[in-house]
Amino acid sequence: MSADQDGIESAPPPAVSNLRSRFEQLAVQNNQSPPHKSPVIRHSLLPPSPRPRTTSLSDTDNPSRSPSLRPASSISDLQATLKLAPSRPTDAPSAPSSPLLRPTIPSISHSTSDAVKLARKPPPPPPPLHSKPHAISVAARSDVAPTHSRTVPPLPSNGSTHLLASPSPSPFADDSTTPRSLRAPPSPPASRTSSGTYSRNNGSPRASDSGSLRERRVPPPPPRLSHILDTQIASSPDILHDHAPASESSSLLFDHSGRSSSESDSPAELSPIPSLPPRPAAKPPRPPVRTVPPSRSSTLSTTSSNSSFTPPPLPARKATPLDERAFRPPLPAQPSPFGDETPSPTHSPSPATPPSGGRKAFGAHLPPPTRTIALGDKLPPARRQQGSGSSSESEDEDTKARIDLLPDSSRSSRRPPILKCHNYDAKGIHVPAHAGVVAVAGHIIAVGHHHHLRIYDLSLQDRPIYDIDARSIAGEGKSKDNKVTCLEFRPAVASHDRARYLWVGTKDGHLFEVDVQEGSVTGVKFSAHTSAVTHIFRHAQSMATIDDNGKILVYYNEPGSATDISLAYSVPRILRISDKHDFARIFNGQLWTSTRETVPGLGGRPARGCAAVRIHDIFAPTFLSKSVAPCEAVGSVLSGAVLPTHPNKVFLGHEGGHVTIWGVGPDDGVVLCEEAVKVSASDVLCLEGVNDRLWAGGRQGVIAAYDLAPRPWVMTNCWMAHQKLPLVSVVVDPWSIEKLERLCVYSVGRDEKIAFWDGLLGVDWIDQAVAKREAEFSSFRNLNVLIVSWNLDSTKPDQLTGTPETIGFLEDSLRSVDSPDIIVFGLQELIDLESRKMAAKTVLLGTKTKTADGGISQKVTTAYKKWFDRLVHAVRLAMPATAPYTVIHSENLVGLFSVILVKNTERNSLKNIAITTIKRGMGGRYGNKGGIISRFVIDDSSLCFINCHLAAGQTHVRQRNADIAAILEDRSVFPASEIVEDPVAFVNGGDGSMVLDHEIVFLNGDMNYRIDLRRDAIVHDVQAGNLAHLHAQDQLLKEMSTNRGFRLRSFLEGPLNFAPTYKYDRRTSTYDTSEKARAPAWCDRILWRSNDATRVEQLHYRRYEANVSDHRPISAGFRMTVKSVHHEVRAGVKTEVMGEWLVHQKRLLVDAGRFYQEQMII
């Protein structure tokens, strides 16, 4: 066997004798070598298949077989072929790289006339040719290839599609002459054998059998093209190779430079496509392939079918540069060469199996999600960019935009309802944050921490009267560290024994009973539980203990029994519930439990818990359990309570700030979730029903009390209880009704302190009763107030020229109120907010804007200084010389500018003067939006003035609501008042540090609330004078009337009898005609709020026609009433009111005691 027959190049190729013979030699090389990467098209229909293994059923190539010829289609092909690297040492033809190609049968030695006869058989109708230049050609079978002696006509070099003459074989000629049972299976790529060499499984018969194959051919009916394609896709494992050898790295591509001669004569030819970068130099020739016995090749050729054998894939290997190049992103998808014909479901291509090496095959990824939006549908919200720098700002804005959904807190009292019923203060009692447990009964306080149990009696001293070591109770053999985990007082029949005996649960499952009056242990039950005791509950005359594994011991005592239950002698009933319960409490004689269940978030990480509530009837003769689900998606249950005024309802507090309301049927006991209410922006850690209020504690150390009668709920009290640290518990002490004649509520926080509160909120009841009798101890007088508001749009004072209305605007506004005592100017956009230079200059130089006498500092921009001088000068010209004014406030904030002047005669009546700013732009970081807040006390009435600029945009109503809520509810706007004991000038128990602590509040500025109508309709109504129709669509008026949580709902506004003040073309009376064509709106507003609505009367509310800005200025005049308190008379009235409270308190205590007896808590 010669070297040529073995397919190994032992000598360099001969010199070119003539052009025709060189063409033939190049065609032979292209059949043996990897395809060149010139005119190629990427295959974008199917992902690559796994690389098959070598199988013993594969056929070997016959060394004596004559290779097929391929004519070069153009001179470019010839030039590209001349640059090819040495071919691989094999004489087998390359596996077809296209899934549209049928498996090839090797060329059979025959004469030229026989080949022509076969080629001239009538072919089936050709497939429809696609009109686009990248149509995919269907290759012909190699068994009808012409011999070396055949003259090969060159193809046109432009790459256009042609139908060839009859001597050229049809791509389906072989299918019309070969029975399906004789078709060879597809040719897998070269694979490594066990000996380390590479073999190619062509799946073709040997050359010695080729003659018999030709004689046995029976022409079947012409095959369907779609069937050829589907059969290839479904049965051929070597259409594409994920881990092909380096010489076949282009198996993902349709490479037509390495086809046989019959392939180049296909009825459809490709147009030229830009070549990809040249591949690296070919690897050295590989060893010759190992031959396989001929008997197996003949077996494979006669047993192949449509569903061919698919060998298992090879193990994954490291990716090479060629592999990475093979997985480049595909070219744009080309139209199918078969037109728009959709294959039938029975012949649909099956997806290729992804490789087992961990890397997904090309095309195996899921398609991106799509959304179909019908005509007229609302567009979905834009997707938030992940990882952007503004994501935290967007989340901050979203959190603040939800503030308006919470209960109204505009009139809540911030005075802590401190209870002073003990002889000694409880500040010295230390409760460890994470390991301490507390039980309270009147003056007795029991604190458990690790193995210590300390008993306090605040009627005697503020230090522990007993310190019991739990380790000494258990003994050395029972436990080395007997940690206390829970405490509860046992019920008693005798009145003198009530709240005397304390049950103690430990980490090791032991139960002790301690006499708190004697400091002795009266009962012990070792190893009552096998794990830590987590809860001890008291119900009627019974007790129940629960451990961490869900075991319940119920010590039951019949109602009316003359004896008490005993830890040593009473036999408990044993029950089982789920373990690891995060919440457990008894309501209406039933045990409610909840276990945290996490919900997966992004990336599979747990996002938050969800509520899973189970109810157990542990005191009934038959133990029953049932599960209930909340009506909305809320977080895990953290707390729960029942309310005396709502005995048939249960309230559960959840993560995320929700409270769910559960209705319990009085007869059938059916439990149903009725509603979920958002009460807080953080978790509801503690919940307790006290009198007619629902108390809730959160993570900021604040306790809030809610009145559930109005809808929505109203926050009546809110005070700082534990120094901005999370609360651990808020619990009612029912024993205090009998022992202290008070309804005592105690709270424990992470500050390791215990605090006691008045559950009846007596201090608020007294304040409200005293306020109703204010006329008995106060004198009153009237003052006139003038407020002017204008968005300048960076207008300068010297531009107030042109029309008479513009020139005389300041004088007209100052004369609109007769001799005002207080004049307030609130300006917005004094500088160009779009100018970075001006904004930066304001931020850098505007830190000190006032002098000692209240005037403006020189360290501000020229624009502020010019407007300050112009306003002061206008007041001097408009007001009589006998009544001069003094500037008490002047402040700026990136475009906002406030100036407040007061008559000199009122200057001595002012006290507690303060001014500050609140930034709302860019999530509170920038002052382009926000407010300037000033306050002072005149006589004994507190006044607050706000000049604001809220979020812009037609649809940004929630952002504007959030801006207002942040301004009104900031808890540290001003320093607290110096008068701490009884600040009569402030309301709602405040100390003046918040805006709503003040008796009278005025709010003006560019609030940016728009009208929810089209521009044309608004302009038409304005021209027709139909302002009432616009009032119904004004966003601010709608929020005040329909949004139950809107923070301005307690404010008032005069009638809008003037046209919208926004937006005009400058120096005209025409609404915006620019490209944006903004709709007119009442953006500029003036509102007020008074604790007593009769104390403020509006004199006028109007606009002016100064046309130098895109806004029109407005003004409002008020007559307000201020008070002067006679403190001696007030003290006498308060004494009378406190006597009335004591009578009312007794009635409330009787009602509370009856409720706790019905609940069988005492």
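**Figure 1. Arg454 and its salt-bridge partner Asp467 in the predicted model**. Arg454 counts as partly exposed, with a relative accessibility of 26%. Its partner Asp467 is also partly exposed, and the relative accessible area of Asp467 is 45%. The two side chains meet in a salt bridge, with a distance of 3.5 Å from N to O. Arg454 belongs to strand E7 (residues 452-457) and Asp467 to strand E8 (residues 464-469), so the salt bridge ties together parts that lie 13 residues apart in sequence.

**Figure 2. A salt bridge between two loops, formed by Arg490 and Asp564**. The closest N and O atoms of Arg490 and Asp564 are 3.6 Å apart. Arg490 is located in the loop between strand E9 (484-489) and strand E10 (501-506), while Asp564 is located in the loop between strand E15 (551-555) and strand E16 (573-576); the pair therefore ties together parts that are 74 residues apart in sequence. Is Arg490 buried or exposed? Arg490 is buried, because its relative accessible area is 4% and the limit for a buried residue is under 20%. Asp564, by contrast, is partly exposed, with a relative accessible area of 28%.

**Figure 3. Lys649 and Glu674, a salt bridge between two strands**. In this view the closest N and O atoms of the pair are 2.8 Å apart. Lys649 lies in strand E24 (residues 646-654) and Glu674 in strand E26 (residues 671-678). The pair links distant parts of the chain, as the two residues are 25 residues apart. Lys649 is partly exposed, at 23% relative accessible area. Glu674 is likewise partly exposed, at a relative accessibility of 46%.

**Figure 4. A network of salt bridges that includes Arg1095 and Lys1123**. The acidic and basic side chains to locate in this view are those of Glu774, Glu999, Asp1092, Arg1095 and Lys1123, which are linked in the network. For the protein as a whole, the count comes to 44 salt bridges.

**Figure 5. The buried and exposed faces of helix H20**. Helix H20 covers residues 1015-1024, and Ile1018, Val1019, Asp1021 and Val1022 are buried within this helix. Where do these buried residues fall when the helix is seen down its axis? They fall within an arc of 160°, so they line one face of H20. The face turned away from this buried side carries the exposed residues Asp1016, His1020, Gln1023 and Ala1024. Helix H21 (1027-1031) is included in what covers the buried residues of H20. Just after H20 comes Gly1025, which takes a positive phi of about 75°.

**Figure 6. Two cis peptide bonds, Arg711 to Pro712 and Tyr1062 to Lys1063**. Most peptide bonds are trans. The bond from Arg711 to Pro712 is cis, and its omega is near 5°. Pro712 is found in the loop between strand E29 (702-707) and strand E30 (714-720). A cis peptide bond also joins Tyr1062 and Lys1063, with omega about 5°. Lys1063 is part of the loop between helix H22 (1035-1042) and strand E42 (1084-1090).

**Figure 7. Ala499 and Ala540, two alanines with a positive phi**. Most residues other than glycine have a negative phi. Ala499 is not a glycine, yet its phi is positive, at about 60°. This alanine is found in the loop between E9 and E10, the loop that also holds Arg490. Ala499 is buried, with a relative accessible area of 5%. Ala540 has a positive phi of about 55° and is not a glycine either. The loop between strand E13 (533-539) and strand E14 (542-547) contains Ala540. Which exposure class applies to Ala540? At a relative accessibility of 24%, Ala540 counts as partly exposed.

**Figure 8. The whole protein as the setting for the close-up views, with 23 helices and 44 strands**. Of the 1162 residues of the protein, 54% count as buried. Among contacts between residues at least 6 apart in sequence, 68% join residues at least 24 apart. The accessible surface comes to about 52,100 Å², and 54% of this surface belongs to carbon and sulfur atoms.

Technical notes: Residues are numbered from 1 along each chain as its sequence is written. This is a predicted model: local features need pLDDT of at least 70, side-chain atom pairs count only at pLDDT 80 or more; totals for chains, interfaces and linings use all residues. Side-chain values use heavy atoms; hydrogens and water are left out. Helices (H or I, at least four residues) and strands (E, at least two) are DSSP runs, numbered from the N terminus. Buried means under 20% relative accessible area, exposed over 50%, partly exposed in between (1.4 Å probe, protein chains only). Contact means heavy atoms within 4.5 Å. Accessible areas come from the Shrake-Rupley method with a 1.4 Å probe; for residues, only the protein chains shown count as cover. A salt bridge is a side-chain nitrogen of Lys or Arg within 4 Å of a carboxyl oxygen of Asp or Glu. The arc is that of the directions from the helix axis to the C-beta atoms.
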